[in-house]
Amino acid sequence: MPVRYVVLCRDVPESAPLRRSVLDEHRRYVDERADLIELSGPLLDPDGTTRCGQLFVLDVPDRQSAEAFIAADPFTRAGVFATVQIDPLLPIFGNGRRT
């Protein structure tokens with residue numbers, strides 16, 4: 001079973017204006033790499049509306065590829081993220097069943 005890479009990004013405080021300034025570029029970036037992304041989306045504060053980070057589950061061959069993916073993301077380059085954590089994931093369950 002192939003390993004995936006979970007990329008958990010947390011925004012800098014008060015990131016909304018910075019995030020908005022590069023959102024279109026970020027969306028183009030992820031759209032162009034959709035074949036590498038199993039799951040992605042913004043993380044939300046407890047209020048359920050304020051964006052506070054980003055999560056990716058990547059189908060890439062190794063950690064270095066995950067590092068390169070997130071390093072080139074416009075959000076990373078613009079300084080939206082305060083922290084980035086990358087962990088390998090062994091998918092056992094998904095889409096309502098064992099994989």
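How much of the protein do buried residues make up? The share is 33% of the 99 residues. Keep in mind that this is a predicted model, so every value here describes a prediction.

## The overall picture

Let's start with the layout. The protein has four helices and six strands, and if you walk along the sequence you meet them in the pattern β-α-α-β-β-α-α-β-β-β. Its radius of gyration is 14 Å, close to the 13 Å given by the globule rule for 99 residues, so the protein is as compact as a globular protein of that length.

For a feel of the dimensions, picture a box of roughly 40 × 30 × 20 Å along the principal axes, filled by the C-alpha atoms. The chain also links up over long stretches of sequence: take the contacts between residues at least 6 apart, and 69% of them join residues at least 24 apart.

## Surface and charge

On the outside, the accessible surface comes to about 6,200 Å², and carbon and sulfur atoms account for 53% of that. As for charge, there are 12 positive and 15 negative side chains. The centres of these two sets lie 3 Å apart.

## The nonpolar core

In soluble globular proteins, nonpolar side chains tend to be buried together. Here, the largest nonpolar core has 18 residues, and V7, F56, L58, A66, F69 and I70 have the most contacts inside it. Several elements chip in with at least two residues each: the strands β1 (4–11), β3 (51–58) and β4 (81–89), plus the helices α2 (23–32) and α3 (63–72).

F56 is a good residue to click on. Setting aside its neighbours within four places in sequence, F56 is in contact with Y5, V6, V7, H26, V30, I37, L39, S40, F69, I70 and D73. Two of those partners, F69 and I70, are also on the list of residues with the most contacts inside the core.

## Two more residues on strand β3

V57 sits in strand β3. It is buried, with 11% relative accessibility. Although V57 and I37 are 20 residues apart along the chain, their C-alpha atoms are separated by 6.1 Å. Not counting residues up to four places away in sequence, V57 touches R4, Y5, V6, L36, I37, E38, L39 and L89.

Q54 is in strand β3 too. Is Q54 buried or exposed? With a relative accessible area of 4%, Q54 is buried. Its C-alpha atom is 5.8 Å from that of G41, which is 13 residues away along the chain. Beyond residues up to four places away in sequence, Q54 touches V7, L8, C9, R19, H26, S40, G41, P42, L43, F75 and F81.

## An odd one in a loop

Most residues other than glycine have a negative phi. Which residue has a positive phi although it is not a glycine? One is E14, with a phi of about 55°. You'll find E14 in the loop between β1 and α1 (16–21). E14 is exposed, with a relative accessible area of 76%, whereas Q54 and V57 on strand β3 are buried.

How values were computed: Residues are numbered from 1 along each chain as its sequence is written. This is a predicted model: local features need pLDDT of at least 70, side-chain atom pairs count only at pLDDT 80 or more; totals for chains, interfaces and linings use all residues. Side-chain values use heavy atoms; hydrogens and water are left out. The radius of gyration is taken over C-alpha atoms; the globule rule is 2.2 Å times the number of residues to the power 0.38. Buried means under 20% relative accessible area, exposed over 50%, partly exposed in between (1.4 Å probe, protein chains only). Contact means heavy atoms within 4.5 Å. Accessible areas come from the Shrake-Rupley method with a 1.4 Å probe; for residues, only the protein chains shown count as cover. Lys and Arg count as positive and Asp and Glu as negative; His and the chain ends are not counted. The place of a charge is taken as NZ of Lys, CZ of Arg, CG of Asp or CD of Glu. A nonpolar core is a set of buried Ala, Val, Leu, Ile, Met, Phe, Trp, Tyr and Cys residues joined through side-chain atoms within 4.5 Å.
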